[in-house]
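Here are a few friendly notes to read beside the structure. They cover some aromatic rings and then two cysteines.

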Amino acid sequence: MVLSDKPPHKQPRNAETLEHLRRRSDDGRNNRDNIALACKRCNEERGGMVWPLYTSYRRGEIWELIECAPPCAHRRGS
């Protein structure tokens, strides 16, 4: 595996990148336990989501939970 030396905007969408599991803006460090390999798309698309929520979103699990959730009381006319 070779990570690209190109600037991010010149890398292909499927380029391998190093992703901080806990974002640096949230005091995440550059240590081994906080780094994962991710494609460029996932690294950019994640935005402000925490890692477990983002990975659930990418696998489609979030939509399964939403579909199984009971309707809100205000939607049932209560």
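Is Tyr57 buried, exposed or partly exposed?

1. Please keep in mind that this is a predicted model. In it, Tyr57 has a relative accessibility of 34%, so Tyr57 counts as partly exposed. Tyr54, by contrast, is buried, with a relative accessible area of 1%.

2. Now to the rings. The count of aromatic pairs comes to 2. In one of them, the ring centres of Trp51 and Tyr54 are 6.3 Å apart and the planes meet at 40°, so this pair is tilted. Tyr54 also pairs with Tyr57, again in a tilted arrangement, with 6.1 Å from centre to centre and 40° between the planes. Trp51, Tyr54 and Tyr57 together make up one aromatic cluster.

3. It helps to place these residues on the backbone. Helix H2 spans residues 51–59 and holds both Trp51 and Tyr54, which sit 3 residues apart, about one turn of the helix. Tyr54 and Tyr57 are also 3 residues apart in helix H2, so about one helical turn separates them.

4. Last, the cysteines. The number of disulfides is 0. For Cys39, the nearest cysteine sulfur belongs to Cys42 and is 3.6 Å away; a disulfide would need the two sulfur atoms within 2.5 Å, so Cys39 and Cys42 do not form one.

5. How do these two cysteines sit with respect to the surface? Cys39 has a relative accessibility of 27% and so counts as partly exposed, whereas Cys42, at 14%, counts as buried.

Conventions: Residues are numbered from 1 along each chain as its sequence is written. This is a predicted model: local features need pLDDT of at least 70, side-chain atom pairs count only at pLDDT 80 or more; totals for chains, interfaces and linings use all residues. Side-chain values use heavy atoms; hydrogens and water are left out. Rings of Phe, Tyr and Trp (its six-membered ring) pair if their centres lie within 6.5 Å; planes under 30 degrees apart count as stacked, over 60 as edge-to-face and the rest as tilted. Helices (H or I, at least four residues) and strands (E, at least two) are DSSP runs, numbered from the N terminus. Buried means under 20% relative accessible area, exposed over 50%, partly exposed in between (1.4 Å probe, protein chains only).
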